[in-house]
Amino acid sequence: MNPTPTVVLVPGLRDHVPDHWQTVLAARIAGAVTVPSPTDAGLSRDARVTALNDTLSRIQGPVVLVAHSAGVLTTVHWAARYRRPVHGALLATPPDFDTPLPDGHPGPQTLRENGWLPVRRNPLPFPSIVAASTNDPLARLDRVAELALAWGSRLVNIGPVGHLNPASGYGEWPQALEFLQTFGCRTTPDTEATA
């Protein structure tokens, strides 16, 4: 019998948000691990890729990555640099860093200086699903579709969910559980009684 994959959550650039769907998901899945935000690293892509790799190096057995926003790009850059078996990845609402973002977000020059540009467009060496919003302020659907195609990911249109964050009304995202089940994840906490 194959072991159940460990779910590894890869956050975006924002600090920890208690009511974010990734936080809610981590609490619902037994053994889930969240990649910590690097301290004193600012917006460094390399620091985030290293943090992801360090987290993965401490986990034995299969893993499924669950990335949101810039965490998707962290995952893509990690996959281009490191080799480790990954059972699958759920890549939710990646931003389009090639297009200037709305006010309050880093500009192209800052993103380039911190290693985020150019965005990698290599095929991922593991199965992946890109969950795309039809009204994401950080990426048009057609741009996300281009990224999904380049990465060899299955694109799933999840409708008008904004950037799939608390500001868009998403503290819980039940559809994530459905996607994870396709990768063989156990999506409810272990409640087996000990006899």
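Start by selecting Q175: this residue is partly exposed, with a relative accessible area of 26%. Here, buried means under 20% relative accessible area, exposed over 50%, and partly exposed in between, using a 1.4 Å probe and protein chains only. You're looking at a predicted model, where local features need pLDDT of at least 70, side-chain atom pairs count only at pLDDT 80 or more, and totals for chains, interfaces and linings use all residues. Residues are numbered from 1 along each chain as its sequence is written, and side-chain values use heavy atoms, leaving out hydrogens and water.

**Stop 1: helix α6**

Q175 lies in helix α6. Helices (H or I, at least four residues) and strands (E, at least two) are DSSP runs, numbered from the N terminus. For a sense of distance, add R83: its C-alpha is 29 Å from that of Q175, and the two are 92 residues apart along the chain.

Now show all of α6, residues 175–182, and colour A176, L177, F179 and L180, which are buried. Look down the axis of α6: these buried residues fall within an arc of 160°, so they line one face of the helix. That arc is taken from the directions from the helix axis to the C-beta atoms. Helpful background: an α-helix has 3.6 residues a turn, so residues three or four places apart point the same way. Turn to the face away from the buried side and you'll find the exposed residues E178 and T182.

What do the buried residues of α6 pack against? Bring up β1 (6–10), α1 (21–28), β3 (63–68), β4 (88–92), β5 (128–132) and β6 (154–157). Contact means heavy atoms within 4.5 Å. Before leaving, click on G184, just after α6, which takes a positive phi of about 80°.

**Stop 2: the aromatic rings**

Rings of Phe, Tyr and Trp (its six-membered ring) pair if their centres lie within 6.5 Å; planes under 30 degrees apart count as stacked, over 60 as edge-to-face and the rest as tilted. By this rule there are four aromatic pairs. One of them is W21 with W173, edge-to-face at 4.8 Å centre to centre, with 75° between the planes. W21 sits in helix α1 and W173 in the loop between β6 and α6, 152 residues apart, so the pair links distant parts of the chain. Both W21 and W173 are buried.

Next, select F97 and W116, another edge-to-face pair, 5.9 Å centre to centre and 85° between the planes. F97 is in the loop between β4 and α4 (108–113) and W116 in the loop between α4 and β5, so this pair ties together parts 19 residues apart in sequence. F97 and W116 are both buried. Then add F179 to the earlier pair: ring pairs link W21, W173 and F179 into a cluster.

**Stop 3: D19**

Select D19, in the loop between β1 and α1. Is D19 buried or partly exposed? D19 is partly exposed, with a relative accessible area of 43%. Leaving aside neighbours within four places in sequence, D19 is in contact with V24, P166, Y170 and G171. D19 and P166 are 147 residues apart in sequence, yet 6.8 Å apart in space, C-alpha to C-alpha.

**Last stop: α2 and α3**

Finish with α2 (residues 45–57) and α3 (residues 70–81), whose axes come within 9 Å and cross at roughly 70°. That makes α2 roughly perpendicular to α3, a label given to angles of 65 to 115 degrees, while under 35 counts as roughly parallel, over 145 as roughly antiparallel and the rest as oblique. Axes are lines fitted to C-alpha atoms, for helices over the stretch in contact, and angles run from 0 to 180 degrees between N-to-C directions. Show R45, D46, R48, V49, L52, N53 and L56 in α2, which meet T74, T75, H77, W78 and R81 in α3.
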